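Here are some exercises to work through with the structure open beside you. Try each task on your own, then check the solution under it.

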Amino acid sequence: MALLTVENLRTTFRTDDGPVCAVDGVSLSVAAGQVLGIVGESGCGKSAMSLSIMGLLPTSATVEGSIQLGEHQLVGMPKNELRTLRGSEVAMIFQDPMASLNPVMTIGWQLEEAVRLHQKVSRREARTLAVAGLAAVGIPSPEDRLKTYPHELSGGMRQRVMIAMALLNRPRLLIADEPTTALDVTTQAQILALMRDLRSEVDAAIVLITHDLGVVAEVCDEVAVMYAGRIVERAPVDELFARPQHPYTWGLLASLPGRNRAGERLHQIAGSPPSLMNPPVGCRFAPRCAMAMDVCRADPAPVLAAVAGSDTVVACHLDAATRAREGARFASDEESA
Amino acid sequence: MSEPILTATGVTIGFPVKRGIIFQREVARVQAVDGVDLTLHQGETLAIVGESGCGKTTLARGLVRLRDIDAGSITYMGEDITRRSGRTLNDFRRQVTMIFQDPIASLDPRMRIGQSMQEPLDIHSIGTPAERKRKVQEAMERVGLNPEHYNRFPHEFSGGQRQRIGIARAIILEPRVIVCDEPVSALDVSVQAQIVNLLEDLQRDLGLSYIVIAHDLDVVRRLADRVQVMYLGRVVEQGEGEQVYNHPRHPYSKALLSARPIADPKLARSRERIVLQGDVPSPINPPAGCRFHPRCPVVQASCSAQDPQLEIAADGHGWACAYPLAP
Ligand SMILES: Nc1ncnc2c1ncn2[C@@H]1O[C@H](COP(=O)(O)OP(=O)(O)OP(=O)(O)O)[C@@H](O)[C@H]1O
Ligand SMILES: Nc1ncnc2c1ncn2[C@@H]1O[C@H](COP(=O)(O)OP(=O)(O)OP(=O)(O)O)[C@@H](O)[C@H]1O
Ligand code: SF4
Ligand SMILES: [Mg+2]
Ligand SMILES: [Mg+2]
């Protein structure tokens, strides 16, 4: 049973220049104990989607569709009820730790507040939980660090404090927006291990937003590839790397520095992502797609459809044989060998 | 090998640890950077890698003289610039610039980006207003930004575009050295590839030398000629990319390399990963002996007493470990 089911989510920002549809009909689900990875270019709507689930969008945004979390329907839920869910049942780790830490309060104070907001505990117990939380994310001398201010910590340590804060109340759903981008690989490996523990120990569902395909390969069970507000491919993680189906996914895999020979320029996906204010008709990737055909540039846009013999769904007009043949060039080495 | 352009000898930088609400007193010092030597050669790329909090940003800020150093010296083109101030410091700052870890925080949100990029020219009073604007537009074109966006504000740009603004700002003074602190970590792979290509193009066309700080070890492998691995404020291993990546001698370097995420789920599950035991020690009171010994997988009895120094072999490969791994 899925803990989180999002159906046909549409998130629109009102702006001076007109509406921007940042998330355009996204459907996905995550079960307890599962990690769903979301990858995609900057500006494709990943944060807008997670903020929609958290109910943390500015008032200039409207959300349509359905977001079902266990027994709660989050679309249209009153603000105060949402606030109660946040921090207890759902927690989020933000992309920018500085934006969500209070610069004038010690991190100890902030952690203790986060505990006391949702749990009936004494100051002393809150403090104990705060210390344990910092220790769990690998902060050295956690007792001492309680007295420090965010600016006294390195970028990576701030991120760990954020993660500690999100995990304090043992949420059922954790949305992590680029949680390890600012971290070194050893700390990243610890944080990813921490997430795997959280998934198995408290059976939490995790939505992990990242642009790092290495991180995806390490921890995700399933992956959704987003492009310009839509999901273009969704697949079990092994499938995505062994038999990538969408030309955009191929472009992402080809850009990996580890896959390019020294001395040659890194592969770049030609062009830049479309404006979400007036996106191209048909397939939104068509203007940058080396395989685009006439049908791709006209309505209706390709919709997600199952790939025979797998649990993958892909939104692309290419026929199955072409996708299999071309995709094999971008598969993990082991598979293509 | 080409001439050294920037060298650091024994650079040490500390922060006071203060306690007390009204009367703050210094109770300890965090030695964030502790006796680091470094040589950057003309036209080369030197990478600095290491765990979060090991002092990379602090070292970088010291190298470009954005902050003072407590001990040691820095020379640029053979001249000691450690104690320079005033106009001669400005001359140095024109030639050695920095790309910051956080492109969003380093741009003033209320300032039009053209103005932001022009700021260094204003500070150094270079050219007439018309020339400055032209220089900015040239730099914008150079880094792949549309010069018509001169009058836009930072929030109107994507992460990748903001990073390009940061790069434009760093090259506007036509420097010889750029210190890049995490130039691509905030970017998605496709934009990351563009920025890596851009940095390589600029290096080739303008003869730049780079110091690159990055967590992404695949990006480092791609960009760097030489690599220095830092642990708790010190250099523990250094050498050519090939030496450090393929034949790491320090156990920390090996652990670091083994932790890097691999974009292949089957390989990621099957490969051998060295998981470091124990917490990252606090730089406030670093462990005695070898600083890595409490977490070292091959620790020996003498490691808690003897502090190994960095020893550099004839081929340039160096490590600070009493029991180095087999090559
Ligand atoms: N408050 C807002 N008002 C107007 N437009 C917005 C707002 N927030 C986001 N957008 C737009 O919505 C789109 C999606 O933005 P979002 O932040 O979700 O991207 P993202 O996929 O998280 O990118 P990144 O990887 O850079 O974090 C972008 O085009 C952005 O410009
Ligand atoms: N302003 C400050 N006051 C006190 N301590 C500081 C300050 N800035 C940094 N430190 C400490 O100095 C050490 C090195 O920090 P630095 O930012 O150089 O690390 P880093 O290697 O760049 O880490 P990251 O990879 O997370 O960016 C850390 O222990 C940090 O807590
Ligand atoms: S639908 Fe057409 S344009 Fe879109 S990705 Fe597939 S082939 Fe390319
Ligand atoms: Mg985002
Ligand atoms: Mg740093």
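**Exercise 1. Work out how much area chain A and chain B bury between them, and which residues of chain A lose the most.**

Keep in mind that this is a predicted model. Step one is the area: chain A and chain B bury about 3900 Å² between them. Carbon and sulfur atoms account for 53% of that. Step two is to look at the chain A side, where Val185(A), His211(A) and Glu218(A) lose the most area to chain B. Together these three make up 15% of what that side buries. Step three is to count residues: the contact takes 54 from chain A and 46 from chain B.

**Exercise 2. Find the salt bridges and polar contacts across the interface, then say which elements of chain A take part.**

Start with the charged pairs. There are 2 salt bridges across the interface of chain A and chain B. One side-chain pair that meets in a salt bridge is Asp201(B) with Arg265(A), at 2.7 Å from N to O. Next come the polar contacts, with 6 residue pairs counted between the two chains, both residues at pLDDT 80 or more.

Now for the elements. Those giving two or more residues to the side of chain A that touches chain B are α6 (142-145), α7 (155-167), α8 (185-201), α9 (213-219), α10 (237-242) and α13 (333-336) of chain A. The top giver is α8(A), with 7 residues. Last, sort that side by class: 17 residues are nonpolar, 21 polar and 16 charged.

**Exercise 3. Trace the strand order of the open sheet in each chain and pick out the edge strands.**

Take chain A to begin with. Its open sheet of 4 strands runs β2-β1-β4-β5, with antiparallel pairing. At the edges stand β2 (18-31) and β5 (72-73) of chain A, each with a single partner strand, so one side of each has no neighbour in the sheet. Zoom in on one pair: β1 (residues 2-15) and β4 (residues 61-69) of chain A pair in the antiparallel sense over 8 bridges. Glu7(A), for instance, stands opposite Ser66(A) in β4(A).

While you're in strand β1 of chain A, stop at Asn8(A), which is found there. Its phi is near 50°, a positive value in a residue other than glycine.

Then do chain B. An open sheet of 4 strands there has the order β2-β1-β4-β5, with antiparallel pairing. The edge strands are β2 (25-41) and β5 (79-80) of chain B, each pairing on one side only. Strand β1 (residues 4-19) and strand β4 (residues 71-76) of chain B are antiparallel partners over 5 bridges. Within this, Thr12(B) has Ala71(B) of β4(B) as its bridge partner.

**Exercise 4. List what surrounds each ligand, beginning with ligand 1.**

Ligand 1 has 14 residues around it, and the closest are Ser42(A), Gly43(A), Lys46(A), Ser47(A) and Ala48(A). Check the backbone next. A backbone N or O atom of Ala48(A) sits 2.7 Å from an oxygen atom of ligand 1. For Gly45(A), a polar backbone atom is 3.0 Å from a ligand 1 oxygen, and for Cys44(A) a backbone N or O atom is 3.2 Å from one.

Ligand 2 lies between chains A and B. Of its 19 surrounding residues, Ser52(B), Gly53(B), Lys56(B), Thr57(B) and Thr58(B) come nearest. Here a side chain joins in: an N or O atom in the side chain of Thr58(B) is 2.5 Å from an oxygen atom of ligand 2. A polar backbone atom of Lys56(B) is 2.9 Å from an oxygen of this ligand.

Ligand 3 has 13 residues around it, with Cys283(A), Cys289(A), Cys296(A), Cys316(A) and His317(A) nearest. By class, the shell holds 11 nonpolar residues, 2 polar and no charged.

**Exercise 5. Which parts of chain B does the salt bridge of Arg169(B) and Glu119(B) tie together?**

First the pair: the closest N and O atoms of Arg169(B) and Glu119(B) are 3.0 Å apart, in a salt bridge. Then place each residue: Arg169(B) is in helix α5 (residues 159-171) and Glu119(B) in helix α3 (residues 113-123) of chain B, so the pair ties together parts that are 50 residues apart in sequence. Over all chains, the count comes to 33 salt bridges.

**Exercise 6. Where does the cis peptide bond from Asp299(A) to Pro300(A) lie?**

Omega of this cis bond is near -5°. Pro300(A) lies in the loop between α11 (247-254) and β11 (305-306) of chain A.

Definitions and conventions
Residues are numbered from 1 along each chain as its sequence is written. Chains are lettered from A and ligands numbered from 1 in the order in which they are written. This is a predicted model: local features need pLDDT of at least 70, side-chain atom pairs count only at pLDDT 80 or more; totals for chains, interfaces and linings use all residues. Side-chain values use heavy atoms; hydrogens and water are left out. Contact means heavy atoms within 4.5 Å. Buried area is the accessible area (1.4 Å probe) that two parts lose on being put together, summed over both. A salt bridge is a side-chain nitrogen of Lys or Arg within 4 Å of a carboxyl oxygen of Asp or Glu. A polar contact is a pair of N or O atoms within 3.5 Å; within protein, one must be able to donate a hydrogen and the other to accept it, and residues adjacent in sequence count only if both atoms are side-chain atoms. Ala, Val, Leu, Ile, Met, Phe, Trp, Tyr, Cys and Pro count as nonpolar, Asp, Glu, Lys and Arg as charged, and the others, Gly among them, as polar. Two strands pair if DSSP finds at least two bridges between them. A residue is near a molecule or strand if one of its heavy atoms lies within 4 Å of it.
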